[in-house]
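Welcome to a short set of exercises on reading a protein structure. Take each task in turn, try it yourself, and then follow the worked solution.

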Amino acid sequence: MKNWLNQHTLALDLVLQRLKNHWLNTLIICMVIGITVTLPGLLFVALDNLQDMSGAIKQDAQISVFFKPATSSNLIQRLINDTQGLPQVKEVRYVSKEDAIEQLSQQFSQKNLLVDLPQNPLPDAVFITLTDTQPATVKPVQTLLQTRPEVDEIVIDSVWIERLHSMLQLGKRIAIIFASLLGIAMITVISNTVRMQVLTHEAEIEVSRLIGATHSFIRRPFLYMGGAYGLGGGLIAVALLFAIVWNLRQPVQLLANNYQSHFQLAFHLVHVGGLILLCTTAIGWIAAFIALTQKK
């Protein structure tokens, strides 16, 4: 075990020494990787914030139910009881046609217009607030209401709800495709860099083979070098994303305040940053492995 740790320690020391001796090339490669990763990272941060924002407006998911003119109060109360028992329903609010006409009259400057009507044209209504904006939450409630004969019309927010979630799903797919393409580009860059390092130290590798060095001992520093390139690029990407989000936070908050929203732009360092570092380090390791396999 001690011998295994010593071998890895020697490999890490050798990699750090090589990176230090060529610090400018190392910085340029890490900057290229960092900027490359920042582009899909911005998409993921934007989608992450949109997901949070969609959760913040879940109280706006509402179904409006209008009853037929001859509907009795017993039938209305029965429907209210049935909908209140559903787990998807957060609140049920009943507005009688008398209350509706009273609220409408308060919005008119000339209230005599409504007084002259022969009868109240507004129906009894129930407004159902849902627990969230998921389409799977809307459908069961909608199905129940459509089976009730006393219901005359249902106005539901499912159109914009489904559009919102469809756009988020589409955005995630686009971000994954974009990140995959840039990941392939990263593998190409790191692989070529490691291959050049192998060619530069080819004489040293041959001497190591002559004195009995194993294949894994020779390959290990180059694998660590690929992982170091990926980790360095990931750190630069996380720093750039944090700076971009911090720079945009105040303008976004001012825009949200204009729409009476408490939304704040956020960068989840552990969730997004940790994922970026893990992916870039793994990509660097894989790229180095590919370069060594081709060289072999």
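## Exercise 1: A residue in a strand

Gln62 sits in strand S1, which covers residues 62-67. Here, helices (H or I, at least four residues) and strands (E, at least two) are DSSP runs, numbered from the N terminus. Before we go on, remember that this is a predicted model, in which local features need pLDDT of at least 70, side-chain atom pairs count only at pLDDT 80 or more, and totals for chains, interfaces and linings use all residues. Residues are numbered from 1 along each chain as its sequence is written, and side-chain values use heavy atoms, with hydrogens and water left out.

Task: decide whether Gln62 is buried, partly exposed or exposed.

Step 1. Recall the cut-offs: buried means under 20% relative accessible area, exposed means over 50%, and partly exposed is in between (1.4 Å probe, protein chains only).
Step 2. Gln62 has a relative accessibility of 26%, so Gln62 counts as partly exposed.
Step 3. Now look across the chain: Ile156 is 94 residues from Gln62 in sequence, yet their C-alpha atoms are 6.6 Å apart in space.

## Exercise 2: The whole protein

Task: describe the order of elements in the protein and how much of the protein is buried.

Step 1. Count the elements: the protein has ten helices and four strands.
Step 2. Starting at the N terminus, the order is α-α-β-α-β-α-α-β-α-β-α-α-α-α.
Step 3. Of the 296 residues, 36% are buried.
Step 4. The accessible surface is about 18200 Å², and carbon and sulfur atoms hold 63% of that surface. Such areas come from the Shrake-Rupley method with a 1.4 Å probe; for residues, only the protein chains shown count as cover.
Step 5. Turn to contacts (heavy atoms within 4.5 Å). Among those with a separation of 6 or more, 83% join residues 24 or more positions apart.

## Exercise 3: Two residues of helix H2

Task: find what Pro40 and Val45, both in helix H2, touch.

Step 1. Pro40 has a relative accessible area of 6%, so Pro40 is buried.
Step 2. Setting aside neighbours within four places in sequence, Pro40 is in contact with Phe178, Ala179 and Leu182. The C-alpha atoms of Pro40 and Leu181 are 9.9 Å apart, although 141 residues separate them in sequence.
Step 3. Val45 is buried too, because its relative accessibility is 6%.
Step 4. Beyond residues up to four places away in sequence, Val45 touches Val245, Ala266, Phe267 and Val272. From Val45 to Leu241 is 196 residues along the chain, but 8.4 Å between C-alpha atoms.

## Exercise 4: The nonpolar cores

Task: work out which elements build the largest nonpolar core.

Step 1. Start with the idea: a nonpolar core is a set of buried Ala, Val, Leu, Ile, Met, Phe, Trp, Tyr and Cys residues joined through side-chain atoms within 4.5 Å.
Step 2. The largest such core has 32 residues, and those touching the most other members are Ile33, Ile190, Val194, Tyr229, Phe267 and Ile276.
Step 3. Two or more residues of this core come from each of helix H1 (2-21), helix H2 (23-56), H7, helix H9 (215-258) and helix H10 (269-295).
Step 4. H9 gives the largest share, eleven residues.
Step 5. Apart from this core lies another, of 17 residues, including Ile80, Leu130, Val138 and Val151.

## Exercise 5: Helix H9

Task: compare the expected and modelled span of H9, then find where H9 bends.

Step 1. The expected span of a helix is 1.5 Å times one less than its number of residues.
Step 2. H9 has 44 residues, so its span should be 64 Å; the end C-alpha atoms are 64 Å apart, which agrees.
Step 3. H9 bends by about 40° at Arg249, and Pro251 follows within four residues. The bend at a residue is the angle between axes fitted to the seven residues ending there and the seven starting there.
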